[in-house]
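These are my notebook entries on a few places I looked up in one model. I kept to helix packing, buried side chains and aromatic rings.

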Amino acid sequence: MVAVVDSNNLSIPNLNTNGNESRVGYKRSVSRSNSGYVSSVMGECCISCTTFNILAPIYKRLDHQNQSLRESDVRDSWFNRNQTILDWLICERSSVICLQEFWVGNEELVLMYQERLGNAGYNTFSLARTNNRGDGLLTALHRDYFNVLNYRELLFNDFGDRVAQLVHVESVVPFFQNQRGGQQEILIVNTHLLFPHDSSLSVVRLHQVYKILQYLELYQTENKLNHIPIILCGDWNGSKRGHVYKFLRSQGFVSSYDIAHQYTDGDADAHKWVSHRNHRGNICGVDFIWLRNPNQSRKPLKASWAEAVFSIIKCQLQKASLAENDAFAFFKADNNGDVITHSAFCEALRQVNLAGLPYGLSFQETDDLWAQADVDGNGVVNYEEFKQRMWNLSCSAQIENNCNDNMEDSKDCSEKEILGFAVKDAFLFPSEVEKGNWPENYSLSDHAPLSVVFSPVRMQSSS
């Protein structure tokens, strides 16, 4: 079913600057057999997931002196590079593959991926960005691991013409030999958020994530999927210090790579790894595989959204050297009373470029923000409400990284046993990016592929 919605020894190939393939060895805590990743404990199957922005040939510049010359103009170049990418993906044999900047506009390349991944045992789903942008997404599910129950396409129809894919899958076999209740179901999302051309577009990326989470909530409610793990994959075009990262953390998601390497959300660990060198030459970590287990606590979505937007406003006002008192005066504007009125609030949002623009907040979203700020519902926001809901934000107080902890079976028979995942391993390729460096001889893409191995775990839910 397809629905479109608007709104431990691995040997992996490396491509050097000459286009020659070399092999790099990795010793991991998980062994890989001919049928994929297998846990060494209790004989329980693990699943693996790879996300990779493969750099569409229509965007790859071949000559810095001639910016108009793109790889799409030279068939041998894009053909050979994508064949090598496929070699790498098929060698890895992840259970789930999520690709971004997939060149959907070229029939030959599309057929190349469909045929080679199909022959390697995958079901593939591709989705073009809106308005004929030329690139899009490809999600591949290995038939040895997953049956596809449902597939949905999310069209944001926004400033960046971005899209997302949602795949509802179930495991081919139960993850545990004595598992009751049949196969495990999982929701998997693949997306590519807008590139931050300037700070005013921060709210667009945040809005794209909000749409994904809203749709996930709706899908879970309609299909009565209260106890199901969710995996979000993609190029998020924002780092660990960004608003999207904090928003997802407040919603109970954890960064699988950071969990595997025991990195915190703090600034000290913000630049330990990179996954992208952009067209400006900057290196940063923007590719994530997020996991939310069904027992993970989280804030109400609308409240998290409001906190995230207020955080953007606070950052912009602080950049303009406005302290708390000055920020309150900015929102209050010319009002004689010591309160913020609804009209002044809306005008302030327009002044910080969050409303009144094609990619800005809608009237409904503005009203939702106002409802979060006006705690007592009396139609105005006083100074205490401003401090509590708009300035001294709690969104940055992150949920603990407890993905792999406290998952032992409880003896409390009143709690229901559910299945989730622990992060068993995660790695970026090539290995230099794991230390925050970008190797000059790497030419598969301007992104590094990220792979994560998940092991199933039993956990308890009281609901």
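**Entry 1: Ser-250 and its helix**

I began with the side chain of Ser-250, which reaches the backbone oxygen of Phe-247 at 2.7 Å; I took a polar contact to be a pair of N or O atoms within 3.5 Å, where within protein one must be able to donate a hydrogen and the other to accept it, and where residues adjacent in sequence count only if both atoms are side-chain atoms. I note that this is a predicted model, in which local features need pLDDT of at least 70 and side-chain atom pairs count only at pLDDT 80 or more, while totals for chains, interfaces and linings use all residues. Residues are numbered from 1 along each chain as its sequence is written, and side-chain values use heavy atoms, with hydrogens and water left out.

I found a polar contact of 3.1 Å between the side chains of Ser-250 and Ser-304. I also looked up Ser-297, 47 residues away from Ser-250 along the chain, and the C-alpha atoms of the two are separated by 9.0 Å. Ser-250 belongs to helix α4, residues 243–250; helices (H or I, at least four residues) and strands (E, at least two) are DSSP runs, numbered from the N terminus.

Is Ser-250 buried or exposed? Its relative accessible area is 2%, so I entered Ser-250 as buried, where buried means under 20% relative accessible area, exposed over 50% and partly exposed in between, with a 1.4 Å probe and protein chains only. The helix as a whole follows suit: seven of the eight residues of α4 are buried, so α4 is largely enclosed by the rest of the structure. The buried ones are His-243, Val-244, Tyr-245, Phe-247, Leu-248, Arg-249 and Ser-250. Their cover includes α3 (202–222), β13 (230–235), β14 (254–255), α5 (256–260), β17 (287–292) and α6, contact meaning heavy atoms within 4.5 Å. After α4 comes Gly-252, with a positive phi near 85°.

**Entry 2: two helix crossings**

Two packed helices are described by the angle between their axes and the distance between the axes. I used axes that are lines fitted to C-alpha atoms, for helices over the stretch in contact, with angles running from 0 to 180 degrees between N-to-C directions.

For α6 (residues 301–319) and α10 (residues 383–391), I noted an angle of about 105° and axes 9 Å apart. That makes α6 roughly perpendicular to α10, since angles under 35 degrees count as roughly parallel, over 145 as roughly antiparallel, 65 to 115 as roughly perpendicular and the rest as oblique. Phe-310, Lys-314, Leu-317 and Gln-318 of α6 make the contact with Arg-389, Met-390 and Trp-391 of α10. By class I entered four nonpolar, one polar and two charged residues for the contact of α6 with α10, where Ala, Val, Leu, Ile, Met, Phe, Trp, Tyr, Cys and Pro count as nonpolar, Asp, Glu, Lys and Arg as charged, and the others, Gly among them, as polar.

For α7 (residues 324–332) and α8 (residues 342–351), the axes come within 7 Å and cross at roughly 110°, which makes α7 roughly perpendicular to α8. Here Phe-330, Phe-331 and Lys-332 of α7 meet Ala-344, Phe-345, Ala-348 and Gln-351 of α8, and the classes in the contact of α7 with α8 are five nonpolar, one polar and one charged.

**Entry 3: aromatic rings**

How many aromatic pairs does a search of the whole structure find? It finds 28, with rings of Phe, Tyr and Trp (its six-membered ring) paired if their centres lie within 6.5 Å, and planes under 30 degrees apart counted as stacked, over 60 as edge-to-face and the rest as tilted. I looked up Phe-328 and Tyr-383, an edge-to-face pair at 5.0 Å centre to centre with 80° between the planes. Phe-328 is in helix α7 and Tyr-383 in helix α10, so this pair ties together parts that are 55 residues apart in sequence. Tyr-383 also pairs with Phe-386: the ring centres are 6.3 Å apart and the planes are at 25°, so I entered that pair as stacked. Phe-328 counts as buried at 4% relative accessibility, and Phe-386 counts as buried at 0%. One aromatic cluster is formed by Phe-310, Phe-328, Phe-330, Phe-331, Phe-345, Trp-370, Tyr-383, Phe-386 and Trp-391.
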